[in-house]
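User: I am new to this structure and would like to learn how to read it one feature at a time. Could you take me through it, giving the general idea before each case?

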Amino acid sequence: MRKGVWIFAVIAGGVVGSLLVVLMSLMHPEQLRARMELFLEERLESDVELEAFGAHPLPTTAVDGSGLVLRRRGDAERIPFIEIDTFEVRAAPLGLFRTPRRIQYVKLTGVNVHVAPSRGDAGKSDAETAPDPTWRSRPALIEELVAERTLLEIQSRNPAKPPRVFEIHRIRLTDASLEGPTQFQASLSIPTPPGNVEARGQVGAFARREPGHTQVDGRYVFNDADLGVFKGISGTLTSTGEFSGPLDRLGVRGRTETPNFTLTAAGNEVPLTTEFDALVDGTSGDTILNSVRATLGESEFVTSGRVVRARDVKGRLIRVDARIDRGRLEDLLRLAVKGPQPPMSGIAKIRARLEIPPEDRDVVERIRLQGEFQLARARFADFDVQKAVATLSRRGRGINANEKPPPGDRVVSNLGGTFAMANGRIRFSQLTFSVPGARVRLAGEYRLATEELNFAGVLVTDASLSEMTTGWKSVLAKLADFWFRRKGETIIPIKITGRRNSPAFGVDTRRALLRK
C-alpha cells in the first residue's frame with residue numbers, strides 16, 4: 001500500500017512538474033508578447049508594432065509596454081488605427097488557458113483612435129464583411145478595462161475636411177469582449193459646442209471591418225456647453241437623454257435647457273428648452289432632426305430639419321422648418337430686438353423655413369429665413385406709438401381727436417404678412433394691419449444691426465380727409481377728397497422711415513401726386 005502511494009506521488013509529481021515546465025515555457029515573456037501580438041492582429045485585422053514589452057509570469061501574470069501601434073491591413077496610407085502610449089495587463093495564469101481567456105485588469109494611457117469613414121458596406125453585418133469568420137486565437141474577456149487620456153478622431157468622407165476630435169478623459173469597461181456586449185462608463189469633452197459629457201451604457205460586438213456599424217445603447221448627461229462658440233449667439237446649454245443604434249446611425253432622444261439663450265445683436269436673455277428626437281451619424285456628426293418641441297420664454301413651437309456638414313466649407317449647414325401656433329410675440333421680439341421691453345405684444349402664428357450656412361460671420365448675418373405670420377390682439381408697448389395708433393383709428397372713423405377713445409382702439413388686429421431675412425435684413429411684403437376705421441398695407445425692410453426702418457405703402461380709412469379734420473382745415477381737405485377718395489375709402493400713400501425707437505410717419509408726396 002505504502003509502495004503504491006509512493007508510485008502515485010512520483011507519477012503525480014512528474015505530471016505536475018511537466019505541466020509547470022510547459023506552463024513556464026508558454027508564459028515566457030517572448031511567448032506572451034507573441035501571443036498578444038497574434039491576438040491583436042487576428043481580432044482587429046491589423047499589423048502590430050510594439051516598442052517595449054515586459055512580463056512577470058508568476059504568481060500573477062502581469063505585462064506592460066509602450067509604443068503600441070495598430071495599422072489597418074490593406075490601408076495604402078498606413079495611417080495608424082490605434083496608438084497607445086503605455087499599457088498594463090494583469091491575469092491569473094490559468095485564466096489565460098480558459099475559453100474565453102480571462103484577463104482581470106487592463107489599463108491604457110494616452111490612446112489615440114483614428115476611425116476611417118465607412119467604405120460603403122452599409123446594411124451588411126460584420127460577419128458578412130469579414131473575410132474569415134474562424135479565428136485561430138481564442139476570444140478574450142476583460143473583467144475591467146480603464147483607458148485614460150483618449151483622443152477619438154473620426155475622419156470625414158471628404159478628405160479635404162478635418163476630422164472630428166473627441167477628448168475622452170476616462171472610460172471604464174466591464175466584462176469587455178470584442179465578441180459580445182460590454183458595459184461602459186465614459187467621461188468626454190465635445191468639441192462643438194464645447195462641453196463635458198458623462199455617458200454609460202452597453203456596446204455590442206465590435207464591427208472590425210466597419211466600426212461605424214458597432215451597436216451602442218445608453219444614457220448621457222451633457223453639461224456646461226458654451227454656445228458662444230457660434231458667432232452671434234450665447235448661452236450655457238445642458239442636455240440629458242438616451243441613445244440607441246449603430247454608431248453611424250444613432251437614434252438620440254433627449255431634452256436641452258438653456259436658461260440664458262441670447263442673440264448677441266439684441267443682448268436679451270430668454271430661456272429656451274427643447275425636447276428632441278434625432279438621428280445622428282456618430283462618424284460624421286450629421287444630424288437629422290425628426291422632431292423638436294421647443295419653448296422660448298413661454299412660447300411653444302415645433303421644428304424639424306437637419307444639421308449636416310457642408311461641401312467644400314468648414315462647418316455645418318442648418319436647415320429647419322418651424323411652426324408656431326400660439327406664440328407670444330413679446331418672447332420672439334425680446335430675443336431679436338434690443339432694449340429691455342419688447343415693442344409689441346400679442347399672439348403670433350408663424351410658418352417659416354430657416355437656413356444657416358457655415359460661414360465665418362455673425363449668425364444674425366448668416367440666417368436665411370422666409371415664411372409668413374399672423375398676429376392677433378397686437379399692442380404697442382411704446383406710449384407715443386400706441387397713441388398714434390389710437391389717433392389713427394379715431395380719425396379713420398371721423399371721430400373728433402379730443403373724444404375719449406374706446407378700449408378697442410389700443411388693439412391692432414389682422415396684422416400679418418410674408419417675410420424673408422438675409423444678410424441681417426428682414427424684408428416684408430404684403431404686410432398688413434388694421435385698427436377700427438383704418439387699414440395699412442406696407443412693404444419694405446428692417447435692418448437688425450442698426451434698427452433702421454424703410455417702408456412704403458398705403459393708409460386706407462373709412463372717413464374722408466375732410467371728416468378727419470375740423471375747422472378751416474376741413475374746408476381745405478374737401479378739395480383733396482376727390483383726389484384720395486375712391487369707392488367709399490380714402491387711400492393715402494405713406495412711408496415709414498427712421499429707427500425703431502423713433503420712427504417717422506409721413507405722406508409719400510411723390511406717390512400721392514402721381515396717385516400711385
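User: How many helices and strands does the secondary structure of the chain come to?

Analyst: Helices (H or I, at least four residues) and strands (E, at least two) are DSSP runs, numbered from the N terminus. In this chain, the secondary structure comes to eight helices and 26 strands. Before going on, note that this is a predicted model, in which local features need pLDDT of at least 70 and side-chain atom pairs count only at pLDDT 80 or more, while totals for chains, interfaces and linings use all residues. Residues are numbered from 1 along each chain as its sequence is written, and side-chain values use heavy atoms, with hydrogens and water left out.

User: What is the mean pLDDT of the chain, and which elements have the lowest and the highest values?

Analyst: The general idea is that pLDDT is the predictor's confidence in each residue, from 0 to 100. Here the mean over the chain is 76, and 75% of the residues reach 70 or more. Among the elements, helix α1 (residues 2–26) has the lowest mean pLDDT, 39, whereas β12 has the highest, 92. Over residues 1–26 the pLDDT is below 50, and this stretch has seven contacts in the model beyond near neighbours in sequence (contact means heavy atoms within 4.5 Å). Residues 120–136 also have pLDDT below 50, with 23 contacts in the model beyond near neighbours in sequence. Where pLDDT is low, the predicted coordinates should not be read in detail.

User: How do I read the pairing of strands, and which strands pair with β13?

Analyst: Two strands pair if DSSP finds at least two bridges between them. Strand β13 (residues 250–263) is joined to strand β11 (residues 233–234) by two bridges, and the two run antiparallel; within this pairing, S234 has T262 as its bridge partner. With strand β12 (residues 236–246), β13 pairs in the antiparallel sense over seven bridges, and T240 stands opposite R255. The antiparallel pairing of β13 with strand β14 (residues 269–280) runs over 11 bridges, with L250 opposite V280.

User: What joins the strands in these hairpins, and which glycine takes a positive phi between β13 and β14?

Analyst: From β12 to β13 the hairpin passes through three residues. The hairpin of β13 and β14 has five residues between the strands, and there G267 takes a positive phi near 80 degrees. A further case is strand β21 (residues 425–435), which is joined to β22 by nine bridges in an antiparallel arrangement, with V435 and A438 as bridge partners. The hairpin of β21 and β22 has two residues between the strands, and G437 takes a positive phi near 95 degrees.

User: How many salt bridges does the count come to, and which residues take part?

Analyst: A salt bridge is a side-chain nitrogen of Lys or Arg within 4 Å of a carboxyl oxygen of Asp or Glu, and by this rule the count comes to 20. One of them joins the side chains of R172 and E144 at 3.0 Å, N to O. That pair links distant parts of the chain, with R172 in strand β7 (residues 164–176) and E144 in strand β6 (residues 140–154), 28 residues apart. Another joins R255, already met opposite T240, to E257 at 3.2 Å, N to O. The side chains of E489 and R439 also meet in a salt bridge, at 3.1 Å, N to O. This pair again links distant parts of the chain, as E489 lies in strand β25 (residues 489–499) and R439 in strand β22 (residues 438–447), 50 residues apart.

User: Are residues such as R255 and T287 buried or exposed?

Analyst: Buried means under 20% relative accessible area, exposed over 50%, and partly exposed in between (1.4 Å probe, protein chains only). R255 has a relative accessible area of 31%, so R255 is partly exposed, and E257 counts as partly exposed at 40%. By contrast, T287, found in strand β15 (residues 287–296), counts as buried because its relative accessibility is 16%. Leaving aside neighbours within four places in sequence, T287 is in contact with A278, L279, V280, G305, R306 and V307. For the chain of 516 residues, buried residues make up 42%.
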